[in-house]
Amino acid sequence: VQLQASGGGLVQTGGSLRLSCAASGLALNNYAVGWFRQAPGKEREFVAVINLGGGFTRYSASVKGRFIISRDKAKNTVALQMNSLKPEDTAVYYCAADRDYRSRMNEYTYWGMGTQVTVSS
């Protein structure tokens, strides 16, 4: 089983990026998917989660209203649309999958390798 986050890059403040989470050896449509991030020198933190059916989403306070998590069931992927990016959004972004969308970060079963997002001021 392997998860892969992609779509990171360098963007200016106020710009947008769209991250994608794909899986091999795993039907991502059958799992809740969370996005997390870790900035240099900081602990990994929760960003957003979407439940199995896609009808429930939750965001951290720092990204609510700017980021949107969604599923593409046909492609078996989960996207994180990031708008109005700020320098403080700079981090490595990870996607993770678990059966339960209520799981805490350390309870997630599967993790991807992460993708770097850098927001310049």
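**Close-up 1. Arg102 lies over the face of Tyr101, 5.7 Å from the ring centre.** A charge is placed over a ring when NZ of Lys or CZ of Arg is within 6 Å of the ring centre and within 35 degrees of the ring normal. Arg44 also lies over a ring face, that of Trp111, at 4.9 Å from the ring centre. As you look through these views, please keep in mind that this is a predicted model, where local features need pLDDT of at least 70, side-chain atom pairs count only at pLDDT 80 or more, and totals for chains, interfaces and linings use all residues. Residues are numbered from 1 along each chain as its sequence is written, and side-chain values use heavy atoms, with hydrogens and water left out.

**Close-up 2. Ring pairs join Phe36, Phe46, Tyr108 and Trp111 into a cluster.** Rings of Phe, Tyr and Trp (its six-membered ring) pair if their centres lie within 6.5 Å; planes under 30 degrees apart count as stacked, over 60 as edge-to-face and the rest as tilted. Searching the whole structure gives six aromatic pairs. In one of them, the ring centres of Phe36 and Tyr108 are 5.1 Å apart with planes at 80 degrees, so this pair is edge-to-face. The pair links distant parts of the chain, 72 residues apart: Phe36 belongs to strand β4 (residues 32-38), and Tyr108 to the loop between β9 and β10 (110-111). Strands here are DSSP runs (E, at least two residues), numbered from the N terminus. Both Phe36 and Tyr108 are buried, where buried means under 20% relative accessible area, exposed over 50% and partly exposed in between (1.4 Å probe, protein chains only).

**Close-up 3. Strand β11 (residues 115-120) has a buried face and one that is not.** In a regular strand the side chains alternate between the two faces of the sheet. Here Thr115, Val117 and Val119 point to one face and are buried, while Gln116, Thr118 and Ser120 point to the other and are not. Strand β2 (residues 9-12) runs parallel to β11, joined by four bridges; two strands pair if DSSP finds at least two bridges between them. Val119 is the bridge partner of Val11. Strand β9 (residues 91-98) pairs with β11 in the antiparallel sense over three bridges, and Ala91 stands opposite Val117.

**Close-up 4. An open antiparallel sheet of four strands follows the order β1-β3-β8-β7.** Its edge strands, β1 (2-6) and β7 (67-72), each pair on one side only. From one strand to the next the twist averages 15 degrees, with axes taken as lines fitted to C-alpha atoms and angles running from 0 to 180 degrees between N-to-C directions. Five bridges hold the antiparallel pairing of β1 and β3, and Ser6 has Ser20 as its bridge partner in β3.

**Close-up 5. Ala22 sits in strand β3 (residues 17-24).** Its relative accessibility is 31%, so Ala22 counts as partly exposed. Leaving out residues up to four places away in sequence, Ala22 touches Gln2, Leu3, Gln4, Leu28 and Thr77, a contact being heavy atoms within 4.5 Å. Ala22 and Asn76 are 54 residues apart in sequence, and 6.8 Å separates their C-alpha atoms.

**Close-up 6. The largest nonpolar core has 29 residues.** Such a core is a set of buried Ala, Val, Leu, Ile, Met, Phe, Trp, Tyr and Cys residues joined through side-chain atoms within 4.5 Å. Trp35, Leu80, Met82 and Tyr93 have the most contacts inside it. Among the elements giving two or more residues are β5 (45-50) and β8 (77-82), while β9 provides the largest share, four residues.
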